[in-house]
Amino acid sequence: MNFKHLLFAVLMLAFVSRVSAREITPNDFKGTDSQRIQKAVQAAGKAGGVVKIPAFNANKSNIWKLDEAILLPSNITVLLENCTIQLSDSCRDNMFRSDNVGAGIQNPVWNKNIHLIGIGQVLLKGADNPRATGDAARQLSLDPDADKKKGNWRISYGTDAARPDRKQTGDWRNIMILIAQVDGFSLKNVRIENSHAWAVSFERTHNAELSDIYLHNPEEITVKGRKVRVFNKDGIDLRQGCKNFRITNISGFTGDDFIALSSLDVKSALIAENGSLQSTMVTKSRWYGPQDDTEQIFISNITCESICRGVAIRASDSSGVHHVYVNGLVSREAVGEGGRHNALLIGGKGYGALSEPGKINNIYAMNIMSTGQSAVMVEAPVRDCHFMNILYSGRDQHVVNYAFDRQAMQNVTEESLRKVN
């Protein structure tokens, strides 16, 4: 090989290296913001699995507006760099969803290795004037407060209300980030504001890490200068079959449970199938055996204010939630919303048959500070649960409130609990 040939080879190698190393961003593509981000995700999936959504949007705005969900395949990392992403007023969908589930997908496969990583200041927010909000049991309303005064409590705001061509109840599309049947997931360093129902929800997901997330999810939003009610505003939910989660450094305010772990065995003829729009779950809402237990969940360094619970652990009938470790929880009751708040709820009523004895077990909770109704509320015949180092300054005289016969519980211990004024 002569010198010219050698030089040409070196230059070509450098060119190929630059091309292969070039970051894929939505600014490389044409279309709506949703289409451009989706095209970037698809291209990244074929070229190493990394896409960056920058602060600058080539459409001359400093915000990315989504009309439909960004669908996430396996082996993808989305870097969110100092960007703001918002659902548009025409959107009735998630912001991000694993692409293996959705309307009409009756036999979802498993995805793996999906990561949403914030760099700098990242804001994910709901629509200014959402079409639909709330869970699947909520009727849409243009004036929820007026409807509540008439005795209709199962309502939530949405501009699709009273439109005969639009679905009149909420569903899983109102969840901002929805991940189901995924092995390997992470969400880090983002701020989430005003999701249309829960901020983040997982179904049958394994090996996940959530960290450095700030939530602002009140039950009241301002639309065109008017305050309207948006209900069931949880922060982070783990539904059937979630296993091996690390949840750390989460803070903020929610209108409902801040973190909720649920495994519910509701034996109803109306159980929704995979892909049904009649449910708040995109996969089947039944419990089908131990594979649908929620287990090995590690929660630490949580600072929250909420109307309901800081951490809620619920099971019904024969389903199970077990081996949950809570270490470091500062949980304050929202001002003016007295009566419902617990730092930690174990059991829960109104979700089907009472949890069978011992199906909720091995719950370890320590280093908790709390106001509200009680620091810990136990409403099920639990087994092997231990509470230590809890400081409570709320209304009840008991730090741990047992709303169930303690004789039906096995090996429940308390150490270093203190009630203060």
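The exercises below concern a predicted model of a protein, each followed by a worked solution.

**Exercise 1. Overall fold and compactness**

State how many helices and strands the protein has, and work out how its radius of gyration compares with the globule rule.

Solution.
- Step 1: The secondary structure consists of three helices and 28 strands.
- Step 2: The radius of gyration is 23 Å, and for 421 residues the globule rule gives 22 Å.
- Step 3: These two values are close, so the protein is as compact as a globular protein of that length.
- Step 4: For the extents, the C-alpha trace spans about 90 × 55 × 45 Å along the principal axes.

**Exercise 2. Burial, contacts and surface**

What percentage of the residues count as buried, and what do the contacts and the exposed area add?

Solution.
- Step 1: Buried residues make up 55% of the 421.
- Step 2: Take the contacts between residues at least 6 apart in sequence; 71% of them join residues at least 24 apart.
- Step 3: The exposed area is about 17800 Å², of which carbon and sulfur atoms supply 51%.
- Step 4: The charged side chains number 49 positive and 44 negative, and the centres of these two sets lie 5 Å apart.

**Exercise 3. The surroundings of Tyr-325**

Locate Tyr-325 in the secondary structure, classify its exposure and list its contacts.

Solution.
- Step 1: Tyr-325 belongs to strand E22, which covers residues 321–333.
- Step 2: The relative accessible area of Tyr-325 is 25%. Buried requires under 20% and exposed over 50%, so Tyr-325 is partly exposed.
- Step 3: Leaving out residues up to four places away in sequence, Tyr-325 touches Gln-296, Ile-297, Phe-298, Ile-299 and Tyr-364.
- Step 4: Asn-362 lies 37 residues from Tyr-325 along the chain, yet their C-alpha atoms are separated by 8.3 Å.

**Exercise 4. Cysteines and disulfides**

How many disulfides does a search of the whole structure find, and why do Cys-91 and Cys-242 form no such bond?

Solution.
- Step 1: A disulfide is a covalent bond between the sulfur atoms of two cysteines. The cut-off for such a pair is within 2.5 Å.
- Step 2: The search of the whole structure returns zero disulfides.
- Step 3: For Cys-91, the closest cysteine sulfur is in Cys-83, 16 Å away, so the pair is too far apart for a bond.
- Step 4: For Cys-242, the closest cysteine sulfur is in Cys-304 at 19 Å, again too far for a bond.
- Step 5: Cys-91 has 1% relative accessibility and therefore counts as buried. Cys-242, with a relative accessible area of 0%, is buried too.

Technical notes:
Residues numbered from 1 in each chain as written. Predicted model: local features only at pLDDT ≥ 70, side-chain atom pairs only at ≥ 80, totals over all residues. Heavy atoms only, no water. Helix = DSSP H or I, 4+ residues; strand = E, 2+ residues; numbered from the N terminus. Rg over C-alpha atoms; globule rule 2.2 N^0.38 Å. Buried < 20%, exposed > 50% of the residue type's maximum accessible area, 1.4 Å probe, protein only. Contact = heavy atoms within 4.5 Å. Areas by Shrake-Rupley, 256 points an atom, 1.4 Å probe, with all protein chains shown as cover. Lys, Arg positive; Asp, Glu negative; His and termini not counted. Charge placed at Lys NZ, Arg CZ, Asp CG, Glu CD.
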